[in-house]
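Work through the exercises below with the sequence and the 3D structure at hand. Try each task before reading its solution.

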Amino acid sequence: MKKAILYFGIALLFSLSSIAVLASDGESQGHEEKEFNVSEMIMHHVKDAHEWHLWGPEHGGTTIYLPVILITEDGIKTFSSSHFYEGELIHDNENHYIKGAGAAEGFGMFHEKIYELDRHGKLHFENGHVHGNLKPYDFSITKNVTSLIIGSFLVFIIMFSCARFYKNHGSVAPKGIAKFMEPIIVFIQDDIAKANINEKKYKKFVPYLLTIFFFIWINNLLGLIPIFPGSANLTGNITITLFLASLTLILTLVNGNKNYWSHIFSPPGVPKALLPIMIPIEIVGIFTKPFALMIRLFANITAGHIVILALISLIFINKHVAWGALSVPMALFISVLELLVAALQAYLFALLSALFIGAAVEEAHH
Amino acid sequence: MDLVTPDLGLLFWTGIVFCSLLFLLAKFAWKPILTAVNERGESIAEALELAEKTRDEMRALKAENDQILKQAKAERDEILKEAKEIAVSMVESAKNKSKVESQKIVDSARDSIRSEKAAAMAELKTHVAALSLEIAEKVIRTELSSDEKQKALANNLASDINMN
């Protein structure tokens, strides 16, 4: 019971700190006497950024400026993103962009995308999009990249300390963090890998499935923490899910055996006349499976972030703190639900990857 | 639209970070952890198997012991039964023998009593005969001590003859 209260308290603290973070946004926009734009605020929090905003107003608050790395026609340019965020804000009708200063001279940033300014030092817009300006390749260490490194480091530290336990104590009953992680690791090995992949071949894929599970899970959880080092919507970013789903696709294609390909190019029991229809369908099927993986993780995590942000925004839309009595419990409920979703989506991703790989390496049995 | 557009830079960093994470974890974490866990699982399975086997052996041994015990009990009962029978028959035969023996003794005793009795009777008879002769002699002597008495006797005898 005491523990339950403790957990509840921690969850409540998280909800409240997310209010604090948002409140600073509300304040900053209040100063500019601007209408509070919910969708803009939510998109801003859900998308990637070149800074890691901690607290205070959006411009001039406490923030971690992350390095910008650009590959332009003149070579690689690296500088701190402070040259943007402390730069001049240009208003071009409805479009607001930042003109870089100092090392960022000659670059403009519109909605966190960096473009080269033209000869007159301007960005050109057409229907709300930048048009006609060169876009350098942006390899910056953005908020998501930082979060990615933190999350990966965390996963490695956790698992390395587990491994060290076994190294020091041998094959004994686990203690400490190994005690917590071992059932999960064994579950993934036995109930995800072994259950879905051919008995003789599953061992090869266990490290991949384990890594993908813990990577997604830990990063999902980090995303639920409203302040640094959390809050980045990493696993709800389409690039991350695209990459993970592509890995599963590549593993499927590389390991696909004769049986797998023969099911695609000559599905058994299908009349020859239907093959011109069936083969394209099967080929599309190869790609729809990982595509679904990509969309599922992206949509679930992003939706969770959006719902929590929207619920907290109720207070700022209605401009009265009393709305907190409604929005905080609801946001807390969704936050707790998201804890479940975080584990569930990691499990699903690993399970479905195992299923697809399992189908690719399955031996013919008819 | 921005939300669902993959970003090249992030993809690049994800590739590097995730692949190195995969490599590092596979080498430094998954391999030792899975080796330890699976080794332990195997040793537990082996121990369980051994326990099962031992239990079976124990069961077989116990069954064998029971069998032996049962046999021993049966044998003991048999021996006891035989012994009892022997004892009973021995007692019986002893009784019979003693009966015959005692009968014999009684018989011989009876015989000897009878012969002793006969001998005693014969002796008694001769004794009585001798005594009565003596008595008769004495009586006659007294009866014939005087003339009168001789005369009376003669008379008496004569009367007896007369009566005949």
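**Exercise 1.** Find the residue in β7(A) that stands opposite A:Ile98, then place the two strands in their sheet.

Solution.
- Step 1. The residue opposite A:Ile98 is A:Met109. The model is a predicted one, in which local features need pLDDT of at least 70 and side-chain atom pairs count only at pLDDT 80 or more, while totals for chains, interfaces and linings use all residues. Residues are numbered from 1 along each chain as its sequence is written, and chains are lettered from A and ligands numbered from 1 in the order in which they are written.
- Step 2. Strands β6 (residues 95–99) and β7 (residues 107–110) of chain A are antiparallel and share two bridges. Strands here are DSSP runs of E with at least two residues, helices are runs of H or I with at least four, and both are numbered from the N terminus. Two strands pair if DSSP finds at least two bridges between them.
- Step 3. In chain A the open sheet has four strands, ordered β5-β6-β7-β8, with antiparallel pairing. β5 (88–92) and β8 (113–116) of chain A each have a single partner strand, so one side of each has no neighbour in the sheet.
- Step 4. From one strand to the next, the twist averages 35° (axes are lines fitted to C-alpha atoms, for helices over the stretch in contact, and angles run from 0 to 180 degrees between N-to-C directions).

**Exercise 2.** Which strands of chain A form the open sheet of three strands, and in what order?

Solution.
- Step 1. The order is β4-β3-β11 in chain A, and the pairing is antiparallel. β4 and β11 of chain A are the edge strands, each pairing on one side only.
- Step 2. Strand β3 (residues 67–72) of chain A is joined to β4(A) by six bridges. The two strands β3(A) and β4(A) make a hairpin, with two residues between them. A:Thr72 has A:Gly75 in β4(A) as its bridge partner.
- Step 3. On β11(A), two bridges link the strand to β3(A) in the antiparallel sense. There, A:Tyr137 is the bridge partner of A:Ile71.
- Step 4. Strand β4 (residues 75–80) of chain A has six residues, of which zero are buried, so the strand lies largely in the open. A residue is buried if 20 or more other C-beta atoms lie within 10 Å of its own, exposed if 12 or fewer, and partly exposed in between, with C-beta atoms placed from the backbone.

**Exercise 3.** How many residues of chain A are in contact with chain B, and which element supplies the largest share?

Solution.
- Step 1. The contacts involve 39 residues of chain A and 31 residues of chain B (two residues are in contact if their C-beta atoms, placed from the backbone, lie within 7 Å).
- Step 2. The largest share of the side of chain A that touches chain B comes from α4(A), with 13 residues.
- Step 3. That side of chain A divides into 24 nonpolar, ten polar and five charged residues. Ala, Val, Leu, Ile, Met, Phe, Trp, Tyr, Cys and Pro count as nonpolar, Asp, Glu, Lys and Arg as charged, and the others, Gly among them, as polar.

**Exercise 4.** Which stretch of chain A has pLDDT under 50?

Solution.
- Step 1. pLDDT is the predictor's confidence in each residue, from 0 to 100. Chain A averages 86, and 90% of its residues score at least 70.
- Step 2. The stretch is residues 26–33 of chain A, for which the model has eight contacts beyond four places in sequence.
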